[in-house]
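Me: I would like to go through this structure by question and answer. Keep the replies short, please.
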Amino acid sequence: MSITIKTAKEIEKMRVAGRLTGEVLDYIEPYVLPGVTTAELDRLCHDYMVDVQGTIPAPLHYAPPGYPPYPKSICASINHQVCHGVPNERALRKGDIVNLDITVIKDDYHGDSSRMFIVGAKTSILARRLCAVSYECMWHGIAAVGPHRRLGDIGHAIQRHAEGNGFSVVREFCGHGIGLGFHEEPQVLHYGEPGTGIELLPGMTFTIEPMINAGRAAVSELGDGWTIVTRDRSLSAQWEHTVLVTERGYEVLTLSAGAPPAPPFIV
Ligand code: MF3
Ligand code: CO
Ligand code: CO
């Protein structure tokens with residue numbers, strides 16, 4: 001499949017799926033406390049999606065080629081876990097940083113978004129800075145989106161901000177087109193050269209989801225076939241939004257009432 005340009009009708013459905021995705025993150029935030037297990041957060045999100053929203057948790061039993069079926073409804077990646085952390089019985093501890101990644105399907109269309117949470121509101125200065133810089137990285141990527149801009153402009157903006165702050169960008173995972181499919185073309189790299197890559201056109205929808213490491217960029221996969229960790233066990237952080245290319249620039253589809261505000265450099 002090549003890159004699809006969404007029709008007005010499809011865009012309306014993507015808006016609904018996107019807002020619902022953000023609302024799962026809004027819902028779960030007060031539960032992200034010391035002592036809670038990620039399995040419990042998974043159960044809460046699952047029940048909220050299925051019973052309250054009438055959405056389908058896209059990760060559950062998701063099995064792209066070469067992967068075992070994903071066993072849970074959300075991803076929960078703690079500290080040195082980069083992405084695709086499988087919820088389990090480990091309780092969160094004060095000072096942990098955890099990414100919760102939510103993908104819902106509503107009316108056949110996907111919304112995909114993730115946020116970082118600081119468990120117990122207190123963590124190290126490094127962890128706090130990593131969460132803040134990775135959030136800014138996502139927004140620098142978003143701000144590079146517009147008609148006739150190029151994919152490499154997004155990656156470049158992210159890489160520049162991450163490396164300028166002494167952090168590194170994970171290379172093995174990227175953002176992705178999204179719509180009827182969970183992972184569509186194009187691949188949205190979080191590093192690159194400005195003016196390179198495909199031209200962005202109104203109606204394209206894709207995610208921007210930089211994974212930023214405090215140490216080196218290299219990652220490894222754990223034996224469960226899903227969980228990705230930093231090879232040097234340094235901290236990693238990630239934020240994700242689903243965006244639409246518009247005639248004038250971009251629209252963030254996964255905003256919700258509880259989403260953190262955009263950084264001040266976004267006008
Ligand atoms: N939500 C992730 C992403 O942003 C993908 C998770 S795949 C899963 O692309 F199976 F682990 F859920
Ligand atoms: Co995604
Ligand atoms: Co995601």
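Me: Which backbone oxygen does the side chain of Thr230 reach?
Reply: This is a predicted model. Thr230 sits in strand β12, residues 228-230. Its side chain comes within 2.6 Å of a backbone oxygen, and that oxygen belongs to Ser234.

Me: Is Thr230 buried or exposed?
Reply: Beyond four places in sequence, Thr230 is in contact with His80, Val82, Asn213, Ala218, Val219, Leu235 and Ser236. Its relative accessible area is 0%. Buried means under 20%, so the class follows from the cut-off. Thr230 is buried.

Me: Which side chain forms a polar contact with the side chain of Thr205?
Reply: Thr205 belongs to strand β9, residues 205-208. Its side chain reaches the backbone oxygen of Ile178 at 2.6 Å. The side-chain partner is joined to Thr205 at 3.1 Å, and it is Lys6.

Me: Is Thr205 buried or exposed?
Reply: Leaving out residues up to four places away in sequence, Thr205 touches Lys6, Met14, Gly177, Ile178, Val243, Leu244 and Leu253. Its relative accessibility is 3%. The cut-off for buried is under 20%, so Thr205 falls in that class. Thr205 counts as buried.

Me: Which residues coordinate the cobalt ion (ligand 2)?
Reply: The coordinating atoms lie at 2.0 to 2.2 Å. They are OD, NE2 and OE atoms. The residues are Asp112, His176, Glu209 and Glu240.

Me: What is the geometry at the cobalt ion (ligand 2)?
Reply: The site has 6 donor atoms, with angles of 51 to 163° among them. Six donors count as octahedral if opposite donors are over 155 degrees apart and all others lie between 65 and 115. The 51° angle fits neither range, so the class is irregular.

Me: How are the donor residues of the cobalt ion (ligand 2) spaced in sequence?
Reply: Asp112 is in strand β5, residues 109-118, and His176 is in strand β7, residues 175-177. These two are 64 residues apart and link distant parts of the chain. Both Asp112 and His176 are buried. The full spacing is D-x63-H-x32-E-x30-E.

Me: Which residues coordinate the cobalt ion (ligand 3)?
Reply: The coordinating oxygens lie at 2.0 to 2.4 Å. One residue is listed with two OD atoms. The residues are Asp101, Asp112 and Glu240.

Me: What is the geometry at the cobalt ion (ligand 3)?
Reply: This site has 6 donor atoms, and the angles among them run from 58 to 165°. For six octahedral donors, the angles that are not between opposite donors must lie between 65 and 115 degrees. The 58° angle falls outside, so the site is irregular.

Me: What spacing do the donors of the cobalt ion (ligand 3) follow along the chain?
Reply: Asp101 is in strand β4, residues 97-106, and Glu240 is in the loop between β13 (236-238) and β14 (241-245). The pair is 139 residues apart. Asp101 and Glu240 are both buried. The spacing is D-x10-D-x127-E.

Me: How far apart are the cobalt ion (ligand 2) and the cobalt ion (ligand 3)?
Reply: Asp112 coordinates both ions. This residue bridges them. The separation is 3.3 Å.

Me: What is the radius of gyration of the protein chain?
Reply: The C-alpha atoms fill a box of roughly 45 × 45 × 40 Å along the principal axes. A compact globule of 267 residues would have a radius of gyration near 18 Å. The chain agrees with that, at 17 Å.

Me: How many helices and strands does the protein chain have?
Reply: Of its 267 residues, 55% are buried. Among contacts with a separation of 6 or more, 71% are between residues 24 or more positions apart. The secondary structure comes to 4 helices and 15 strands.

Me: Is Met1 buried or exposed?
Reply: Met1 is in the segment before α1 (8-28). Its relative accessibility is 79%. Exposed means over 50%, so Met1 passes the cut-off. Met1 counts as exposed.

Me: What separates the C-alpha atoms of Gly164 and Pro30?
Reply: Gly164 lies in helix α4, residues 151-164. Gly164 is exposed, with a relative accessible area of 64%. Pro30 is 134 residues away along the chain, and the C-alpha separation is 33 Å.

Note on methods: Residues numbered from 1 in each chain as written. Chains lettered and ligands numbered in written order. Predicted model: local features only at pLDDT ≥ 70, side-chain atom pairs only at ≥ 80, totals over all residues. Heavy atoms only, no water. Donors = N, O, S within 2.8 Å, 3.2 Å for Na, K, Ca; no water. Tetrahedral: all angles 85-135°; square planar, octahedral: opposite > 155°, others 65-115°. Buried < 20%, exposed > 50% of the residue type's maximum accessible area, 1.4 Å probe, protein only. Rg over C-alpha atoms; globule rule 2.2 N^0.38 Å. Contact = heavy atoms within 4.5 Å. Polar contact = N/O pair within 3.5 Å; in protein donor to acceptor, adjacent residues only side chain to side chain.
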